[in-house]
Amino acid sequence: MIELKNLVVLGQGAPNSLRDGRISRCVCAYSKEHGLVRLYPIPKALLRQWDVFDATVEANSQDHRENTWKIFHSKEDWQRIHKWIIKKGEYPKKERTKLIESLAKDNLGDLIKNGKSFGIIEPKITGFELAKQNETTSIQTTIFDLDYQIINQNEFKYKPYVTYECTAECSCKNPVHRQQIVEWGCYEWMRKNPNSEEHCEKVFENLQLTNKDWKKYFLVGNIHKSPKTYIIVGVLRYKNKS
Ligand SMILES: [Zn+2]
């Protein structure tokens with residue numbers, strides 16, 4: 001086991017239920033010492049963006065992505081997971097913009113080329129798309145949390161996609177990238193009325209992606225089964241100072 005200290009939550013994926021009924025999320029966090037790391041499984045209510053925490057982790061022999069860790073004893077200790085994930089406070093509000101700007105230097109081509117797990121890209125957004133993946137949303141309840149209706153990411157009727165180019169010089173042959181957003185906030189928005197196209201399509205507005213008064217950055221991460229495919233696991237944003 002390894003202890004990672006002073007991690008800051010930057011992005012969190014929408015929850016998925018595991019085979020044994022646990023509802024789990026994947027969190028992307030940053031620390032000076034470790035850079036960007038991926039941690040899972042994390043219970044859904046435990047951490048929020050900008051929380052600072054320590055975590056005890058172990059390697060997952062099934063997942064070879066860079067800087068990717070499993071919470072130590074997560075299965076055995078699921079109901080006592082705070083033993084291994086210790087929240088310490090919040091990253092100071094006035095330091096956040098500076099941190100985002102210092103990290104947002106990536107372009108997708110170099111992330112792929114260098115086998116990076118994560119990157120933060122300043123996008124020039126060119127389009128939004130709500131792709132239909134199912135005829136209807138299938139909603140489940142879970143034995144671990146009866147108050148929460150779980151909708152797994154792939155059980156939603158719609159999936160939001162963004163098309164963009166990297167602001168930094170990009171080494172991809174095709175500079176236009178189309179990526180799925182899996183940020184938790186985005187699925188929480190759709191969950192309120194998951195079968196309404198009119199409601200779900202407002203997800204982009206809700207994330208301030210259509211608002212010129214906001215600066216936005218995409219925290220992108222690669223997929224376990226397809227390490228050269230990246231999805232948007234977090235949208236980092238702040239209002240421009242006028
Ligand atoms: Zn690019």
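**Exercises on two antiparallel sheets**

Strand 9 and strand 12 (residues 158-166) run antiparallel and are joined by nine bridges; strands here are DSSP runs of E of at least two residues, numbered from the N terminus. The model is predicted, with local features requiring pLDDT of at least 70, side-chain atom pairs counting only at pLDDT 80 or more, and totals for chains, interfaces and linings using all residues. Residue numbers start from 1 along each chain as its sequence is written.

**Exercise 1.** Work out the order of the open sheet that contains strands 9, 12 and 13, and state which strands form its edges.

*Solution.* Begin with the pairing rule, by which two strands pair if DSSP finds at least two bridges between them. The sheet has three strands in the order 9-12-13, and its pairing is antiparallel. Strand 9 (123-132) and strand 13 (177-180) are the edge strands, since each pairs on one side only. From one strand to the next, the twist averages 25°, where axes are lines fitted to C-alpha atoms and angles between N-to-C directions run from 0 to 180 degrees. As a residue-level check, locate alanine 131, whose bridge partner in strand 12 is lysine 159.

**Exercise 2.** Describe the open sheet built from strands 8, 14 and 15, from its strand order down to a single bridge.

*Solution.* The order of this three-stranded sheet is 8-14-15, again with antiparallel pairing. Its edges are strand 8 (118-121) and strand 15 (226-239), each of which pairs on one side only. Neighbouring strands of this sheet are turned against each other by 20° on average, direction ignored. Next, follow strand 8 to strand 14 (residues 214-223), to which it runs antiparallel and is joined by four bridges. Finally, glycine 119 has valine 220 as its bridge partner in strand 14.
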